[in-house]
Amino acid sequence: MNPPHVLVVGGGVAGASVAYFASRLGVRVTVVDVGRHAASTVPSALLNPVRGQSGAVDERAVEGLRLTWALVDELTGAGHPVAHGRVGVLRPVPDARARRKFERHLPPELLHAWLSPQAAPVALAPGWEHALWLPEGGWLDGAAFTRGLLALSGAPVVRGRAVGWEARSVTLEDGQTLLGDAVVWCGGSVGAGWAGEAATHRAGTLLTLDRPVTDVPMSFGAYLAPAAVGGVLGATFEAPAVSWREPTLPLRSLGWLLGRAEALTALGGVRVTGSWSGTRLSGLAAGRTPDGAWRLSGLGSKGFLLGPLLARHVAGDVVRAVSV
Ligand SMILES: Cc1cc2nc3c(=O)[nH]c(=O)nc-3n(C[C@H](O)[C@H](O)[C@H](O)COP(=O)(O)OP(=O)(O)OC[C@H]3O[C@@H](n4cnc5c(N)ncnc54)[C@H](O)[C@@H]3O)c2cc1C
């Protein structure tokens, strides 16, 4: 008997992870991807379990973090190296009030230490009162991680844009219809925009730098991190939008980004070599939708922290459903 066949729309980190875990469970997987505007090609993504300026920690963050690092090891071992640094993440914290807010969120199972700014592994710009050190964090090359998972899944990729999907079929722009036993939609921000869904999209930019300003990623407002080549300075800073738009880098945003970087640490003579802009989607959905198709989307700023973990759950549920 032929194994069940799962169609995955979207080959970003969500779709690649679903394809990888579903394949491992013994089903046949085909990925449909148009290859445009994937947020997952972000040149350097932080694996940072303590979020933004609120210090919130998702209840699945520690498990997600450990799974993503395990996948990086597995990919490397299988000949799909992913540039990364498992070197920790430094979160400068401005004052005692912000520190208390962060402390309230920190779960005991998350390794961390509070440092004085003088003891931080990176020389901080003046003005920070505290620094939170997260030794299990780090950075990775988003495109290489995603590519590696897709390759390891062994799933063929059909290049084309899906214009319709139901519980067991996907229709492409050229009129072709693909049939399967289940469909998992992982189209990310751009896919939700094309589908005309009501959603929250946020655009941001990474400036690529000729060298990493710091070996240890640091983040508050914006982030500085090493990358496969040089380093990055980035943030998702544009106002939320209800529809997808091609991301751009307005001059005022560039000024804001540079200001945030200088507030973190001295930039020295670092040079900007280019830029990467993308959009991410909020509103996590991980499961079956009323039309019978499945979905993993809305990973927000936690695509690499939680994407593989949630994909493992979704893939498990899908495979159970198609195997009965
Ligand atoms: C500036 C910025 C910085 C970020 N930094 C971090 C970070 O430091 N750490 C972190 O964990 N996350 C970060 N993120 C978030 C992360 O990039 C996203 O959460 C994640 O990449 C989303 O993955 P996805 O697979 O859902 O979507 P995507 O990566 O957007 O993939 C969707 C894929 O589906 C395809 N597609 C869409 N619609 C269709 C269709 N109709 N037919 C066929 N194919 C289709 C697209 O071409 C694309 O390849 C950042 C995002 C941005 C924008």
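Which backbone oxygen lies 3.1 Å from a polar atom of the side chain of R202? In this predicted model, the backbone oxygen of E238 does so. R202 is found in strand β14. With a relative accessible area of 23%, R202 is partly exposed, because buried means under 20% and exposed over 50%. Its contacts include E238 itself, along with T236, F237 and P240. G278, T279 and R280 are also touched by R202, residues up to four places away in sequence not being counted. R202 and T279 stand 77 residues apart along the chain. Their C-alpha atoms are separated by 5.3 Å.

Strand β14 also takes part in the ligand site. Residues 201–209 form this strand, and β14 supplies at least two residues of the shell around the ligand. The same holds for strands β2 (28–33), β3 (45–47) and β18 (272–281). Helices α1 (13–24), α5 (188–194) and α7 (303–323) likewise each supply at least two. The ligand has 43 residues around it. D33, S40, L46, A162 and G300 come nearest. By class, the shell has 20 nonpolar, 18 polar and 5 charged residues.

Polar contacts to the ligand were examined next. A polar side-chain atom of D33 lies 2.7 Å from a ligand oxygen atom. For S40, an N or O atom in the side chain is 2.5 Å from an oxygen atom of the ligand. G35 uses its backbone instead: an N or O atom there lies 3.5 Å from an oxygen atom of the ligand. The ligand taken alone exposes 1000 Å². Of that area, the protein buries 97%.

H37 lies in the loop between β2 and β3. Its phi is near 60°. This value is positive, and H37 is not a glycine. Most residues other than glycine have a negative phi. H37 is partly exposed, at a relative accessible area of 27%. That figure falls between the 20% limit for buried and the 50% limit for exposed.

H37 is also one of the contacts of W194. W194 is found in helix α5. At 28% relative accessibility, W194 counts as partly exposed. Beyond its neighbours within four places in sequence, W194 is in contact with V34, R36, H37, R161 and W244. R24 is 170 residues from W194 along the chain. The C-alpha atoms of these two residues are separated by 31 Å.

N48 lies in the loop between β3 and α2 (61–77). Its relative accessible area is 4%, so N48 is buried. The N48 side chain reaches the backbone oxygen of V50 at 2.9 Å. Contacts of N48 outside its neighbours within four places in sequence are V89, R91, L134, S219 and L305.

A further buried polar residue is S153, found in helix α4 (residues 142–153). S153 counts as buried because its relative accessibility is 9%, and the cut-off is 20%. Two polar contacts involve its side chain. A polar atom of the S153 side chain lies 2.6 Å from the backbone oxygen of L150. The side chain of S153 also reaches the backbone nitrogen of A155, at 3.0 Å. S153 touches A19, Y20 and S23, residues up to four places away in sequence being left out.

The nonpolar interior was considered last. In soluble globular proteins, nonpolar side chains tend to be buried together. The largest nonpolar core in the model has 89 residues. Within this core, F145 and V184 touch the most other members. Helix α7 makes the largest contribution to the core, with 11 residues. F145 has contacts at several places along the chain, not counting its neighbours within four places in sequence. Among them are V13, T68, L71, V72 and L75. V82, L140, F304 and P308 are also in contact with F145. A second core is separate and has 13 residues. V32, L178, W185 and A192 are included in this second core.

Technical notes. Residues numbered from 1 in each chain as written. Predicted model: local features only at pLDDT ≥ 70, side-chain atom pairs only at ≥ 80, totals over all residues. Heavy atoms only, no water. Near = heavy atom within 4 Å. Polar contact = N/O pair within 3.5 Å; in protein donor to acceptor, adjacent residues only side chain to side chain. Areas by Shrake-Rupley, 256 points an atom, 1.4 Å probe, with all protein chains shown as cover. Helix = DSSP H or I, 4+ residues; strand = E, 2+ residues; numbered from the N terminus. Nonpolar A, V, L, I, M, F, W, Y, C, P; charged D, E, K, R; others polar. Core = buried A, V, L, I, M, F, W, Y, C linked by side-chain atoms within 4.5 Å. Buried < 20%, exposed > 50% of the residue type's maximum accessible area, 1.4 Å probe, protein only. Contact = heavy atoms within 4.5 Å.
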